[in-house]
Protein chains: 2
Amino acid sequence: MDPPQRLRDDDADAVFRALADGTRRDILRRTLTGPQSISALAGRYEMSFAAVQKHVTVLDRCGLVEKQRFGKEQLVSARVERIAQASGLLAEFERLWRYRVGRIDLLLDGEPSERASEEHPSTHPSTDP
Amino acid sequence: MDPPQRLRDDDADAVFRALADGTRRDILRRTLTGPQSISALAGRYEMSFAAVQKHVTVLDRCGLVEKQRFGKEQLVSARVERIAQASGLLAEFERLWRYRVGRIDLLLDGEPSERASEEHPSTHPSTDP
DNA sequence: CGTTCGTGCAACCATTTGGTTGTACGTTAG
DNA sequence: CTAACGTACAACCAAATGGTTGCACGAACG
């Protein structure tokens, strides 16, 4: 439906780095099922409030969550489209790999192992200096 | 087809951290379309050979690529199933979100916006200390 | 044989990360 | 008004990251 738009390279750095921490992934899980105040989140973990706050900031700055003031509380909720973008980047990788398999099948002739050619990947590696 | 097995939490840390670098993602793209020797890879980037070697080591230690000796060369190739595992983790996140939407629809009664309930996510957040 | 190539690894360095404590400020409850 | 709560932010610290240079070693080529 909505074309999820591709992640720019710097954004990909930030998003994957944000995902590379267990606490942050956990925060993301919680805020995916409903908005959570920062202090409610902080109560869940052993570490200090400030530490959790920092994790939320990291998630916020790369767009994986958004904060919304509600009186004195700040509600954190996950932005699923950002997750979808990261997911999409990995899907491109997988497509690239399937393309390779397709070429191998072609090279070995015979019959393709499983209709693996599908289509040329529209996204070139192309990061060629 | 092949049940891709879920990423353990430490592995997820390592895999996402490895993905959080543009050079490493680029190496991954290149090795997805075919094995590359380390020095061939190193020739592609501005940085020193040792730096590229380190990036390959990072990718290797988290399982995103594998190295295979071939005479004096070491061929690096991507392991797509590892990418699929990371992809799968993100897919779980998205499922979690759809489940939330389902509950909201339920709460607001009316008719579900788009058959959004699908199924209860079998993977609990459950990381409750 | 010696030389070159591809690799592995250690030492070093600047910057970032993930945590701490402490302080300050606006909002809500008594 | 005062007290308590939720948040923001700065200063500080240990450890990890991402890069460098330099050296050692085995394989292949002349």
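This passage describes the protein surfaces near DNA strands C and D in a predicted model. Local features need pLDDT of at least 70 and side-chain atom pairs count only at pLDDT 80 or more, whereas totals for chains, interfaces and linings use all residues. Residues are numbered from 1 along each chain as its sequence is written, chains are lettered from A in the order in which they are written, and side-chain values use heavy atoms, with hydrogens and water left out.

Around DNA strand D there are 22 residues (near: a heavy atom within 4 Å of the strand), of which A:Ser39, A:Gln74, B:Ser48, B:Lys54 and B:His55 come nearest. Six of the residues of this surface are nonpolar (Ala, Val, Leu, Ile, Met, Phe, Trp, Tyr, Cys and Pro), seven polar (the others, Gly among them) and nine charged (Asp, Glu, Lys and Arg). Of the strand D atoms within 4 Å of the protein, 63% belong to sugar or phosphate and the rest to bases. Phosphate oxygens of strand D lie 3.1 Å from a side-chain N or O atom of B:Arg24, 3.2 Å from a polar side-chain atom of B:Arg17 and 3.3 Å from a side-chain N or O atom of A:Gln53.

DNA strand C is surrounded by 21 residues, and A:Ser48, A:Lys54, A:His55, B:Ser39 and B:Gln74 come nearest. Sugar or phosphate accounts for 64% of the strand C atoms within 4 Å of the protein, and bases for the rest. A polar side-chain atom of B:Gln74 lies 2.3 Å from a phosphate oxygen of strand C, while a side-chain N or O atom of B:Gln53 is 3.2 Å from a base nitrogen.

Definitions and conventions. A polar contact is a pair of N or O atoms within 3.5 Å; within protein, one must be able to donate a hydrogen and the other to accept it, and residues adjacent in sequence count only if both atoms are side-chain atoms.
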